[in-house]
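User: Hi! I am new to reading protein structures, and I would like to work through one step by step. Could you help me?

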Amino acid sequence: MDLELRHLKIVRAVAEAGSVTKAASALGLAQPALTAQLKRIERSLGGPLFMRDRSGARPTPLGELVLARARVLLPAAQRLQEEATRFANAGESTRQFRLGATNNPVLGGLVDRLATAYPATAISTYTSWSAEELAGMTGAGRLDFVLTGVCGDSAPPAADALVWQTIAMDPVFVVVNERHPLADVPEVDLIELVEENWSVTPGDGCFGDCFAAACAKAGFTPKTIYETDVATGGYLAQVGRAVALCQATYRLSHGLAVVPLAGAPLQWRQLLGWHPESPAAAASPRVTAYAKAAHRDVVRRSRRYAEWLIRNPRFGTAP
């Protein structure tokens, strides 16, 4: 059997998981199938790669040698694949814009502006809860630009591989039922919501930690947190089951009110990212300008946020 990169990935997975069973789960394989594959790899390499007992799997000296080579070869192969993808797409830079986004208010306006400015250019979009996934796809050449956000001053994903431009710094507001006692107040202190249940949208990054830290600083621990999509969070707020955290640009539906949090204890930095060596990088200044214009549009549509910005000018669309 010739050794392949996928075999090295299996060896690495077992070493990182510490057991064949855990590695099989991480790889999405049945444990007997992975065991059989590992045995074939070991026969090909001339000896056992792991010592297996009740406590798990530990690399043998031969296993350590293979792992040392795998840690060099696998990243090198990944970089080769990414560079080849970018090279293969180099001739397509004027024929497509592939945009990735998490839950982002800018995406629709950006697509509209690009379609107007480049009527003969194909535009595609891909959405995900995971900013890490989108950053990885952008680095690998499968996306041209990614729209996402991070909590406050936190570093974006793949900060060393992608170029990131701040589109805006937005506060986080809350959405409540329009009959909620605090629905019409100019601002609400976080502590005033101590008895509420909460709805938050999922995603990787630090936002959950930022929310927990803000509540702790205010002097309480949230009673119940529902992890939902945006529509479900709005529904729970509409029927009075929860207060929903939202971006300040949140587009209200019937029966809801958006309320700013006093002192902006939670902040969301809107970002646009791209790979500096991608074919699309040459268009990044124009795409950045379009993204900022799209953000200004959504701010104008949000009366509560526009009024709040007059009193808090350090927030909003980046200059």
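**Buried or exposed?**

User: Is Gly 141 buried or exposed, going by its relative accessibility?

Analyst: Happy to help, and keep in mind that this model is predicted. The relative accessibility of Gly 141 is 5%. Buried means under 20%, so Gly 141 counts as buried.

User: Where does Gly 141 lie, and how many residues apart in sequence are Gly 141 and Glu 277?

Analyst: Gly 141 belongs to the loop between helix 6 (131-139) and strand 5. In space, its C-alpha is 9.5 Å from that of Glu 277. Along the sequence, the separation of Gly 141 and Glu 277 is 136 residues.

User: What share of the whole protein counts as buried?

Analyst: The protein has 319 residues. The part of them that counts as buried is 47%.

User: How many helices and strands are there in the protein?

Analyst: Let's start with its extent: the C-alpha trace spans about 75 × 50 × 30 Å along its principal axes. The secondary structure within it comes to 10 helices and 12 strands.

User: Which residue is 6.8 Å from Phe 145 in space, C-alpha to C-alpha?

Analyst: Phe 145 is found in strand 5, residues 145-151. With 1% relative accessibility, below the 20% limit, Phe 145 is therefore buried. Its contacts beyond four places in sequence include Phe 97, Leu 99, Trp 274 and Val 287. The residue 6.8 Å away, though 127 residues apart in sequence, is Leu 272.

User: What share of the contacts with a separation of 6 or more comes from residues 24 or more positions apart?

Analyst: Phe 145 and Leu 272 give you one pair that is far apart in sequence, at 127 residues. Across the protein, for contacts with a separation of 6 or more, residues 24 or more positions apart account for 74%.

**The nonpolar cores**

User: Which element gives the largest share of the largest nonpolar core?

Analyst: In soluble globular proteins, nonpolar side chains tend to be buried together. The largest nonpolar core here has 23 residues, and Val 174, Leu 193, Trp 198, Phe 207 and Leu 245 touch the most other members. Elements giving two or more residues to this core include strand 6, strand 9 (243-247) and helix 7 (207-218). The largest share, 4 residues, comes from helix 7.

User: How many residues are in the other core that lies apart from it?

Analyst: That other core, apart from the largest one, has Phe 97, Leu 107, Ile 167 and Trp 274 among its members. The number of its residues is 19.

**A loop residue and its partners**

User: At what distance does a polar contact join the side chains of Asn 197 and Thr 224?

Analyst: Asn 197 sits in the loop between strand 6 (163-177) and strand 7 (198-200). Beyond four places in sequence, Asn 197 is in contact with residues including Lys 223, Thr 224 and Tyr 226. A polar atom of the Asn 197 side chain also lies 3.4 Å from the backbone oxygen of Arg 241. For the side chains of Asn 197 and Thr 224, the polar contact is 3.4 Å.

User: Which backbone oxygen does the side chain of Thr 116 reach at 2.9 Å?

Analyst: Thr 116 is part of helix 5, residues 107-117. Exposed means over 50%, so Thr 116 counts as exposed at 61% relative accessibility. At 2.9 Å, its side chain reaches the backbone oxygen of Asp 112.

**Two alanines with positive phi**

User: Is Ala 264 buried or exposed?

Analyst: Most residues other than glycine have a negative phi. Ala 264, however, has a positive phi near 45 degrees, and is found in the loop between strand 10 and strand 11 (267-274). Its relative accessible area is 6%, under the 20% limit, so Ala 264 is buried.

User: What is the relative accessibility of Ala 158?

Analyst: Ala 158 has a positive phi as well, near 50 degrees. Ala 158 lies in the loop between strand 5 and strand 6. Partly exposed is the range between the 20% and 50% limits, and Ala 158 counts as partly exposed because its relative accessibility is 29%.

Note on methods:
Residues are numbered from 1 along each chain as its sequence is written. This is a predicted model: local features need pLDDT of at least 70, side-chain atom pairs count only at pLDDT 80 or more; totals for chains, interfaces and linings use all residues. Side-chain values use heavy atoms; hydrogens and water are left out. Buried means under 20% relative accessible area, exposed over 50%, partly exposed in between (1.4 Å probe, protein chains only). Contact means heavy atoms within 4.5 Å. A polar contact is a pair of N or O atoms within 3.5 Å; within protein, one must be able to donate a hydrogen and the other to accept it, and residues adjacent in sequence count only if both atoms are side-chain atoms. A nonpolar core is a set of buried Ala, Val, Leu, Ile, Met, Phe, Trp, Tyr and Cys residues joined through side-chain atoms within 4.5 Å.
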